[in-house]
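Work through the exercises below with the sequence and the 3D view open. Try each task before reading its solution.

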Amino acid sequence: MCKPELTEEEFSKNITPIVQEYFEHGETEDVLMSLAELNISSRKYKVPALAVCLALEKKGTQREMASVLISDLYGKHLTQNDIAKGFQQLLDDLDDLSLDTPEAPEVLGKFIARAVADDCLPPAFISNLGDTPEESNQRKALTEADLLLRLKHGMVRLDSVWGIVGGRRPVKQLVKKMLLLLKEYLHSEDVEEASRCLRELEVPHFHHELIYEAIVMMLEDGHERVMSLMKDLFQFFSKTNFVTPVQMKSGFERVFESFADIQLDVPHAHTSLEKFTDMCARDGIIPISLTLKVPSRGRKRFVSEGDGGLVKV
(Lines give C-alpha, C1' and ligand atoms only; values in the text may rest on other atoms or scores of the structure.)
Protein backbone atom coordinates (compact mmCIF):
# COMPACT_ATOMS: atom_id res chain seq x y z
CA MET A 1 0.00 0.00 0.00
CA CYS A 2 1.29 3.43 -0.93
CA LYS A 3 2.23 5.61 2.02
CA PRO A 4 0.30 8.88 2.36
CA GLU A 5 2.24 11.92 1.22
CA LEU A 6 3.87 14.00 3.92
CA THR A 7 2.12 17.23 4.79
CA GLU A 8 4.04 20.53 4.73
CA GLU A 9 4.65 20.27 8.48
CA GLU A 10 5.66 16.59 8.29
CA PHE A 11 8.04 17.35 5.42
CA SER A 12 10.02 19.85 7.49
CA LYS A 13 9.97 17.61 10.55
CA ASN A 14 11.24 14.55 8.64
CA ILE A 15 13.57 15.99 5.99
CA THR A 16 15.42 18.62 8.03
CA PRO A 17 17.10 16.02 10.33
CA ILE A 18 18.08 13.93 7.26
CA VAL A 19 19.90 16.87 5.67
CA GLN A 20 21.44 17.99 8.97
CA GLU A 21 22.78 14.47 9.60
CA TYR A 22 24.15 14.43 6.03
CA PHE A 23 26.23 17.50 6.90
CA GLU A 24 27.80 15.35 9.64
CA HIS A 25 28.44 12.10 7.71
CA GLY A 26 28.56 13.23 4.06
CA GLU A 27 27.00 10.03 2.66
CA THR A 28 24.58 10.94 -0.14
CA GLU A 29 23.49 7.28 -0.43
CA ASP A 30 22.11 7.47 3.12
CA VAL A 31 20.05 10.49 2.11
CA LEU A 32 18.72 8.65 -0.95
CA MET A 33 17.72 5.64 1.16
CA SER A 34 16.00 7.85 3.73
CA LEU A 35 14.09 9.80 1.08
CA ALA A 36 13.00 6.57 -0.63
CA GLU A 37 11.20 5.55 2.54
CA LEU A 38 9.05 8.70 2.49
CA ASN A 39 6.32 9.87 0.15
CA ILE A 40 7.19 13.44 -0.82
CA SER A 41 6.24 13.16 -4.50
CA SER A 42 4.78 16.65 -4.96
CA ARG A 43 7.35 18.25 -2.65
CA LYS A 44 10.57 16.78 -4.02
CA TYR A 45 11.62 20.23 -5.19
CA LYS A 46 11.76 21.33 -1.56
CA VAL A 47 14.73 19.02 -0.87
CA PRO A 48 17.35 21.09 -2.77
CA ALA A 49 15.74 24.28 -1.44
CA LEU A 50 16.03 22.98 2.14
CA ALA A 51 19.65 21.84 1.63
CA VAL A 52 20.64 25.30 0.36
CA CYS A 53 18.71 27.07 3.15
CA LEU A 54 20.44 25.01 5.83
CA ALA A 55 23.84 25.59 4.18
CA LEU A 56 23.43 29.37 3.90
CA GLU A 57 24.63 30.05 7.42
CA LYS A 58 27.28 27.33 7.39
CA LYS A 59 30.88 27.25 6.14
CA GLY A 60 32.32 26.33 2.74
CA THR A 61 32.58 22.64 3.61
CA GLN A 62 28.84 22.30 4.23
CA ARG A 63 28.00 24.45 1.20
CA GLU A 64 30.15 22.14 -0.92
CA MET A 65 28.33 19.18 0.60
CA ALA A 66 24.97 20.75 -0.28
CA SER A 67 26.09 21.20 -3.90
CA VAL A 68 27.33 17.59 -4.02
CA LEU A 69 24.04 16.37 -2.54
CA ILE A 70 21.99 18.18 -5.18
CA SER A 71 24.25 16.75 -7.90
CA ASP A 72 23.98 13.20 -6.52
CA LEU A 73 20.19 13.37 -6.11
CA TYR A 74 19.79 14.57 -9.70
CA GLY A 75 18.72 11.70 -11.94
CA LYS A 76 18.07 9.39 -8.99
CA HIS A 77 15.53 11.23 -6.88
CA LEU A 78 15.22 14.65 -8.49
CA THR A 79 14.60 15.78 -12.06
CA GLN A 80 16.11 18.94 -13.53
CA ASN A 81 12.62 20.45 -13.24
CA ASP A 82 12.48 19.60 -9.51
CA ILE A 83 15.82 21.33 -8.95
CA ALA A 84 14.80 24.37 -11.02
CA LYS A 85 11.57 24.62 -9.03
CA GLY A 86 13.53 24.40 -5.78
CA PHE A 87 15.89 27.20 -6.80
CA GLN A 88 12.94 29.29 -7.95
CA GLN A 89 11.46 28.92 -4.48
CA LEU A 90 14.77 30.10 -3.01
CA LEU A 91 14.70 33.15 -5.29
CA ASP A 92 11.11 33.86 -4.23
CA ASP A 93 12.09 33.59 -0.55
CA LEU A 94 15.36 35.49 -0.92
CA ASP A 95 14.18 38.72 0.70
CA ASP A 96 13.31 36.82 3.89
CA LEU A 97 16.49 34.73 3.75
CA SER A 98 18.56 37.93 3.46
CA LEU A 99 17.23 39.20 6.79
CA ASP A 100 19.12 36.44 8.63
CA THR A 101 21.94 36.05 6.09
CA PRO A 102 22.79 39.40 4.43
CA GLU A 103 25.12 37.71 1.91
CA ALA A 104 22.35 35.28 0.85
CA PRO A 105 21.99 36.74 -2.71
CA GLU A 106 25.69 36.22 -3.45
CA VAL A 107 25.72 32.74 -1.88
CA LEU A 108 22.55 31.69 -3.73
CA GLY A 109 24.09 32.98 -6.97
CA LYS A 110 27.06 30.68 -6.38
CA PHE A 111 24.75 27.73 -5.70
CA ILE A 112 22.86 28.43 -8.95
CA ALA A 113 26.06 28.73 -11.00
CA ARG A 114 27.44 25.54 -9.45
CA ALA A 115 24.19 23.67 -10.22
CA VAL A 116 24.44 24.80 -13.87
CA ALA A 117 28.08 23.64 -14.01
CA ASP A 118 27.01 20.28 -12.54
CA ASP A 119 24.30 19.96 -15.26
CA CYS A 120 21.58 19.96 -12.58
CA LEU A 121 20.10 23.25 -13.79
CA PRO A 122 19.69 24.33 -17.42
CA PRO A 123 21.75 27.41 -18.36
CA ALA A 124 18.44 28.99 -19.44
CA PHE A 125 17.48 29.24 -15.75
CA ILE A 126 19.62 32.38 -15.54
CA SER A 127 17.67 33.96 -18.40
CA ASN A 128 15.13 34.93 -15.71
CA LEU A 129 17.62 37.71 -14.97
CA GLY A 130 15.79 40.20 -17.18
CA ASP A 131 12.47 39.56 -15.40
CA THR A 132 13.74 40.63 -11.99
CA PRO A 133 13.50 44.23 -10.71
CA GLU A 134 16.66 46.36 -10.66
CA GLU A 135 18.45 46.38 -7.28
CA SER A 136 16.38 43.38 -6.09
CA ASN A 137 17.99 40.50 -4.21
CA GLN A 138 16.80 38.17 -6.97
CA ARG A 139 18.63 40.28 -9.58
CA LYS A 140 21.78 40.23 -7.41
CA ALA A 141 21.70 36.42 -7.13
CA LEU A 142 21.14 35.80 -10.84
CA THR A 143 23.75 38.41 -11.79
CA GLU A 144 26.29 36.69 -9.52
CA ALA A 145 25.53 33.34 -11.18
CA ASP A 146 25.75 34.86 -14.66
CA LEU A 147 29.12 36.51 -13.93
CA LEU A 148 30.61 33.30 -12.53
CA LEU A 149 29.53 31.30 -15.57
CA ARG A 150 30.88 33.90 -17.99
CA LEU A 151 34.39 33.92 -16.49
CA LYS A 152 37.06 32.30 -18.62
CA HIS A 153 37.07 28.63 -17.63
CA GLY A 154 34.31 29.61 -15.23
CA MET A 155 32.53 26.25 -15.47
CA VAL A 156 35.71 24.48 -14.40
CA ARG A 157 36.49 26.77 -11.49
CA LEU A 158 32.94 26.55 -10.14
CA ASP A 159 33.72 23.08 -8.85
CA SER A 160 35.79 24.79 -6.15
CA VAL A 161 33.50 27.78 -5.68
CA TRP A 162 33.20 26.93 -1.97
CA GLY A 163 36.98 26.72 -1.51
CA ILE A 164 37.06 22.93 -1.26
CA VAL A 165 39.92 21.66 -3.42
CA GLY A 166 42.22 18.73 -4.00
CA GLY A 167 41.81 15.13 -2.87
CA ARG A 168 39.01 15.93 -0.45
CA ARG A 169 36.57 15.93 -3.34
CA PRO A 170 34.90 12.69 -4.45
CA VAL A 171 36.55 11.05 -7.46
CA LYS A 172 33.50 11.61 -9.66
CA GLN A 173 33.64 15.33 -8.88
CA LEU A 174 37.27 15.41 -9.98
CA VAL A 175 36.43 13.50 -13.16
CA LYS A 176 33.59 15.92 -13.90
CA LYS A 177 35.94 18.85 -13.42
CA MET A 178 38.53 17.33 -15.73
CA LEU A 179 35.91 16.79 -18.44
CA LEU A 180 34.84 20.43 -18.14
CA LEU A 181 38.49 21.48 -18.33
CA LEU A 182 38.99 19.49 -21.54
CA LYS A 183 35.80 20.81 -23.14
CA GLU A 184 36.77 24.39 -22.40
CA TYR A 185 40.29 23.75 -23.68
CA LEU A 186 38.89 22.52 -27.00
CA HIS A 187 36.94 25.77 -27.17
CA SER A 188 39.76 28.14 -26.13
CA GLU A 189 42.79 26.16 -27.41
CA ASP A 190 44.76 27.71 -24.52
CA VAL A 191 47.17 25.07 -23.16
CA GLU A 192 48.53 27.32 -20.40
CA GLU A 193 45.07 28.10 -19.07
CA ALA A 194 44.14 24.41 -19.15
CA SER A 195 47.35 23.63 -17.28
CA ARG A 196 46.57 26.27 -14.65
CA CYS A 197 43.07 24.85 -14.13
CA LEU A 198 44.52 21.36 -13.69
CA ARG A 199 47.10 22.70 -11.22
CA GLU A 200 44.30 24.21 -9.12
CA LEU A 201 42.88 20.71 -8.59
CA GLU A 202 46.02 19.79 -6.63
CA VAL A 203 45.82 16.09 -7.56
CA PRO A 204 49.10 15.19 -9.35
CA HIS A 205 48.52 11.53 -8.40
CA PHE A 206 45.30 11.63 -10.48
CA HIS A 207 46.66 13.23 -13.67
CA HIS A 208 46.41 9.85 -15.43
CA GLU A 209 42.64 10.34 -15.35
CA LEU A 210 42.90 13.53 -17.41
CA ILE A 211 45.09 11.74 -19.98
CA TYR A 212 42.59 8.88 -20.15
CA GLU A 213 39.55 11.17 -20.50
CA ALA A 214 41.31 13.31 -23.13
CA ILE A 215 42.10 10.29 -25.30
CA VAL A 216 38.56 8.90 -24.97
CA MET A 217 37.11 12.32 -25.83
CA MET A 218 39.37 12.47 -28.90
CA LEU A 219 38.32 8.98 -30.01
CA GLU A 220 34.63 9.79 -29.59
CA ASP A 221 34.96 13.03 -31.54
CA GLY A 222 37.00 11.51 -34.37
CA HIS A 223 38.07 14.81 -35.96
CA GLU A 224 41.64 15.76 -36.88
CA ARG A 225 41.34 19.11 -35.07
CA VAL A 226 40.61 17.48 -31.72
CA MET A 227 43.38 14.93 -32.21
CA SER A 228 45.87 17.72 -32.95
CA LEU A 229 44.74 19.82 -29.97
CA MET A 230 44.97 16.89 -27.54
CA LYS A 231 48.47 16.11 -28.83
CA ASP A 232 49.47 19.78 -28.30
CA LEU A 233 48.10 19.66 -24.76
CA PHE A 234 49.98 16.45 -23.97
CA GLN A 235 53.15 17.93 -25.47
CA PHE A 236 52.86 21.00 -23.22
CA PHE A 237 52.34 18.76 -20.18
CA SER A 238 55.33 16.65 -21.20
CA LYS A 239 57.75 19.52 -21.92
CA THR A 240 56.89 21.30 -18.66
CA ASN A 241 56.87 17.96 -16.80
CA PHE A 242 53.56 19.05 -15.32
CA VAL A 243 52.22 15.56 -16.01
CA THR A 244 54.95 13.06 -15.16
CA PRO A 245 55.97 10.34 -17.64
CA VAL A 246 54.52 7.74 -15.25
CA GLN A 247 51.11 9.46 -15.16
CA MET A 248 51.17 9.99 -18.94
CA LYS A 249 52.00 6.33 -19.60
CA SER A 250 49.38 5.18 -17.10
CA GLY A 251 46.67 7.22 -18.86
CA PHE A 252 47.47 5.61 -22.22
CA GLU A 253 47.59 2.12 -20.69
CA ARG A 254 44.18 2.61 -19.10
CA VAL A 255 42.77 3.39 -22.55
CA PHE A 256 44.40 0.26 -23.95
CA GLU A 257 42.98 -1.86 -21.11
CA SER A 258 39.42 -0.60 -21.61
CA PHE A 259 39.60 -0.39 -25.40
CA ALA A 260 37.27 -3.34 -26.04
CA ASP A 261 34.46 -1.44 -24.29
CA ILE A 262 35.38 1.88 -25.94
CA GLN A 263 35.24 0.24 -29.35
CA LEU A 264 31.68 -0.92 -28.76
CA ASP A 265 30.58 2.73 -28.76
CA VAL A 266 33.21 3.95 -31.26
CA PRO A 267 33.63 1.22 -33.91
CA HIS A 268 36.38 3.07 -35.84
CA ALA A 269 38.37 4.05 -32.75
CA HIS A 270 41.29 1.74 -33.53
CA THR A 271 42.56 3.82 -36.46
CA SER A 272 42.43 7.04 -34.43
CA LEU A 273 44.09 5.48 -31.38
CA GLU A 274 46.90 4.00 -33.46
CA LYS A 275 47.51 7.31 -35.23
CA PHE A 276 47.38 9.36 -32.02
CA THR A 277 49.72 7.02 -30.15
CA ASP A 278 52.22 7.14 -33.04
CA MET A 279 52.05 10.97 -33.09
CA CYS A 280 52.74 11.16 -29.35
CA ALA A 281 55.63 8.68 -29.57
CA ARG A 282 57.16 10.56 -32.52
CA ASP A 283 57.08 13.81 -30.53
CA GLY A 284 58.66 12.20 -27.47
CA ILE A 285 55.52 12.48 -25.29
CA ILE A 286 55.47 8.73 -24.64
CA PRO A 287 58.12 6.03 -25.16
CA ILE A 288 58.05 4.29 -28.55
CA SER A 289 57.69 0.95 -26.74
CA LEU A 290 54.18 2.02 -25.72
CA THR A 291 53.02 1.92 -29.35
CA LEU A 292 53.48 -1.86 -29.25
CA LYS A 293 50.73 -2.08 -26.62
CA VAL A 294 48.03 -0.51 -28.82
CA PRO A 295 45.23 -3.12 -28.91
CA SER A 296 44.81 -5.06 -32.13
CA ARG A 297 42.01 -4.11 -34.49
CA GLY A 298 38.72 -5.57 -33.33
CA ARG A 299 37.92 -7.24 -30.04
CA LYS A 300 39.49 -10.63 -30.88
CA ARG A 301 42.58 -11.14 -28.74
CA PHE A 302 44.20 -14.07 -30.54
CA VAL A 303 46.03 -14.05 -33.84
CA SER A 304 45.43 -16.66 -36.51
CA GLU A 305 46.52 -20.28 -36.04
CA GLY A 306 49.15 -19.75 -38.71
CA ASP A 307 50.93 -17.36 -36.35
CA GLY A 308 51.09 -19.98 -33.64
CA GLY A 309 48.03 -18.89 -31.68
CA LEU A 310 49.96 -16.36 -29.63
CA VAL A 311 48.25 -13.60 -27.74
CA LYS A 312 48.66 -10.21 -29.37
CA VAL A 313 50.39 -7.50 -27.36
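The exercises move from the whole chain to helices, then to single residues. The model is predicted.

**Exercise 1. The chain as a whole**

Task: Determine how many helices and strands the chain has, and what share of its residues is buried.

Solution:
- Step 1. Take the secondary structure. The chain has 16 helices and zero strands.
- Step 2. Turn to burial. Of the 313 residues, 52% count as buried.
- Step 3. Look at contacts between residues at least 6 apart in sequence. Of these, 73% join residues at least 24 apart.

**Exercise 2. Length and packing of helix 1**

Task: Test the length of helix 1 against the expected rise, then find what its buried residues pack against.

Solution:
- Step 1. Helix 1 covers residues 8-25, which is 18 residues.
- Step 2. At 1.5 Å a residue, helix 1 should span 26 Å. The C-alpha atoms at its ends are 26 Å apart, so the two values agree.
- Step 3. List the buried positions of helix 1: Phe11, Ile15, Thr16, Ile18, Val19, Tyr22 and Phe23.
- Step 4. These buried residues pack against helix 2, helix 3 (46-56) and helix 4.
- Step 5. Check what comes just after helix 1. Glycine 26 has a positive phi of about 70°.

**Exercise 3. Helix 2 against helix 4**

Task: Classify the crossing of helix 2 and helix 4, give its hand, and describe the contact.

Solution:
- Step 1. Two packed helices are described by the angle and the distance between their axes.
- Step 2. Here the axes of helix 2 (residues 28-36) and helix 4 (residues 60-73) come within 10 Å and cross at roughly 55°. Helix 2 is therefore oblique to helix 4.
- Step 3. The crossing of helix 2 with helix 4 is right-handed.
- Step 4. Helix 2 brings Thr28, Val31, Leu32 and Leu35 to the contact, and helix 4 brings Val68, Leu69, Asp72 and Leu73.
- Step 5. Sort the residues of this contact: six are nonpolar, one is polar and one is charged.

**Exercise 4. Helix 12**

Task: Compare the length of helix 12 with the expected value, and say how many of its residues are buried.

Solution:
- Step 1. Helix 12 (residues 207-221) has 15 residues.
- Step 2. From first to last C-alpha, helix 12 reaches 21 Å, close to the 21 Å expected at 1.5 Å a residue.
- Step 3. Helix 12 is mostly covered, with 13 of its 15 residues buried.
- Step 4. Glycine 222 follows helix 12, and its phi is positive, near 80°.

**Exercise 5. Three side chains**

Task: Decide whether arginine 114, glutamine 247 and serine 238 are buried or partly exposed, and find their contacts beyond four places in sequence.

Solution:
- Step 1. Arginine 114 sits in helix 7 (residues 104-117). Its relative accessibility is 1%, so arginine 114 counts as buried. Its contacts include Glu64, Asp159, Trp162 and Gln173.
- Step 2. Glutamine 247 belongs to helix 14 (residues 245-257). Its relative accessibility is 13%, so glutamine 247 is also buried. Glutamine 247 touches Pro204, His205, Phe206, His207, His208 and Ile211.
- Step 3. Serine 238 lies in helix 13 (residues 224-239). At 26% relative accessibility, serine 238 counts as partly exposed. Its contacts are Met248, Gly284 and Ile285.
- Step 4. Compare sequence and space for serine 238 and aspartate 283. They are 45 residues apart in sequence, and their C-alpha atoms are 9.9 Å apart.

Conventions. Residues numbered from 1 in each chain as written. Heavy atoms only, no water. Axes fitted to C-alpha atoms, helices over the stretch in contact; angles between N-to-C directions. Helix = DSSP H or I, 4+ residues; strand = E, 2+ residues; numbered from the N terminus. Parallel < 35°, antiparallel > 145°, perpendicular 65-115°, else oblique. Left-handed = near helix turned anticlockwise from the far one by under 90°. Contact = heavy atoms within 4.5 Å. Nonpolar A, V, L, I, M, F, W, Y, C, P; charged D, E, K, R; others polar. Expected span 1.5 Å × (residues − 1). Buried < 20%, exposed > 50% of the residue type's maximum accessible area, 1.4 Å probe, protein only.
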